[in-house]
Amino acid sequence: MSLSEIAIACVEAHRDADVELALAFAAQVVPSFCTADNDRLIKFARSVKSLVDLYQDDKDNLDLEPCLKLAIQEAELLSSPPGTLQVPKVKFGKTGLDISVVTLGCMRFQQEWGPRITNMNMVDGDCQDNLVQILKRGLLEFGINHIETARGYGSSE
């Protein structure tokens, strides 16, 4: 079976169940991705589903195979062992500091918008734990060392 045939069959079998669609497709083409968290599986499934839908709407002008290969390549990268992928770094102006070319933006880290949180005791523990997990992953797994915050982001700073 070609990648296109596998994808079409998986979409037909699991159109309304994204995690199941992702697991069915990944099991056949990139098994290492089957252990990904549900958020990644859902995004993968939606990508595959969108590609199949585009293909079925315009078979004469869209070659589905290379599109699926890119989605599979992304899944392979995302399922790489921790520390395997490192964000490239560049010199920061004349400082001599090496900073990552990808910034870890903190706008969506806030518990809420606005200045209502005035000290750390007001931050929900789950929110703080999530922040720590994201920072550790960005710093340790991907080597990101440029963290962007702003007072306007509310409690993210």
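Let me start with one residue: Leu135 is partly exposed, because its relative accessible area is 22%, and partly exposed here means between buried, under 20% relative accessible area, and exposed, over 50%, with a 1.4 Å probe and protein chains only. Before going on, a word on the source: this is a predicted model, in which local features need pLDDT of at least 70, side-chain atom pairs count only at pLDDT 80 or more, and totals for chains, interfaces and linings use all residues. Residues are numbered from 1 along each chain as its sequence is written, and side-chain values use heavy atoms, with hydrogens and water left out.

Back to Leu135. This residue lies in helix α5; helices are DSSP runs of H or I with at least four residues, strands are runs of E with at least two, and both are numbered from the N terminus. What is Leu135 in contact with, leaving aside its neighbours within four places in sequence? The list is Leu104, Phe109, Leu140 and Ile147, where contact means heavy atoms within 4.5 Å. Gly96 is 39 residues from Leu135 in sequence, and the two are 24 Å apart in space, C-alpha to C-alpha.

Now the domains. The assignment gives domain 1 as 3–79 and domain 2 as 89–148; such bounds come from an automatic or database domain assignment. Taken over C-alpha atoms, the centres of the two domains are separated by 31 Å.

Next, the pocket. The general idea is that rolling a probe the size of a water molecule over the atoms shows where empty space is left. Here the work is done on a 1 Å grid over the protein atoms alone: a cavity is a set of points where a 1.4 Å probe fits but cannot get out, while a pocket is an open set with protein on both sides within 12 Å along at least five of seven lines. Lining residues have an atom within 4 Å of a point. Grid points are joined across faces, edges and corners, and a volume is the space filled by probe spheres set on the points.

The largest pocket holds about 550 Å³ of space. Its lining has 20 residues, and those closest to the centre are Arg40, Lys43, Leu78, Arg137 and Phe142. Where does the largest pocket lie? Both domain 1 and domain 2 give residues to its lining, so the pocket lies between them. Among the helices, α3 (38–57), α4 (64–78) and α5 (125–141) each supply at least two residues of that lining. By class the lining has 10 nonpolar, 4 polar and 6 charged residues; nonpolar covers Ala, Val, Leu, Ile, Met, Phe, Trp, Tyr, Cys and Pro, charged covers Asp, Glu, Lys and Arg, and the others, Gly among them, count as polar.

On to the cores. A nonpolar core is a set of buried Ala, Val, Leu, Ile, Met, Phe, Trp, Tyr and Cys residues joined through side-chain atoms within 4.5 Å. The largest one has 27 residues, and Phe25, Val30, Phe33, Phe44, Val48 and Leu68 have the most contacts inside it. At least two residues of this core come from each of α1 (3–14), α2 (18–29), α3 and α4. Helix α3 gives the largest share, 7 residues. Beyond its neighbours within four places in sequence, Phe44 is in contact with Ala22, Phe25, Ala26, Val30, Phe33, Ala71, Ile72 and Ala75. Another core lies apart from this one; it has 6 residues, including Leu104, Phe109, Leu131 and Ile144.

Last, some residues from the first two helices. Ser4 lies in α1 and counts as buried because its relative accessibility is 11%. Not counting neighbours within four places, Ser4 is in contact with Leu64, Glu65 and Leu68. Ile6 is also in helix α1, and is buried, with a relative accessible area of 10%. Leaving out residues up to four places away in sequence, Ile6 touches Met1, Phe25, Gln28 and Val29. Ala9 has its place in α1 as well, but is partly exposed at 33%.

In helix α2 there is Leu23. Is Leu23 buried or partly exposed? Its relative accessible area is 30%, so Leu23 is partly exposed. Outside its neighbours within four places in sequence, Leu23 is in contact with Cys34 and Leu41.
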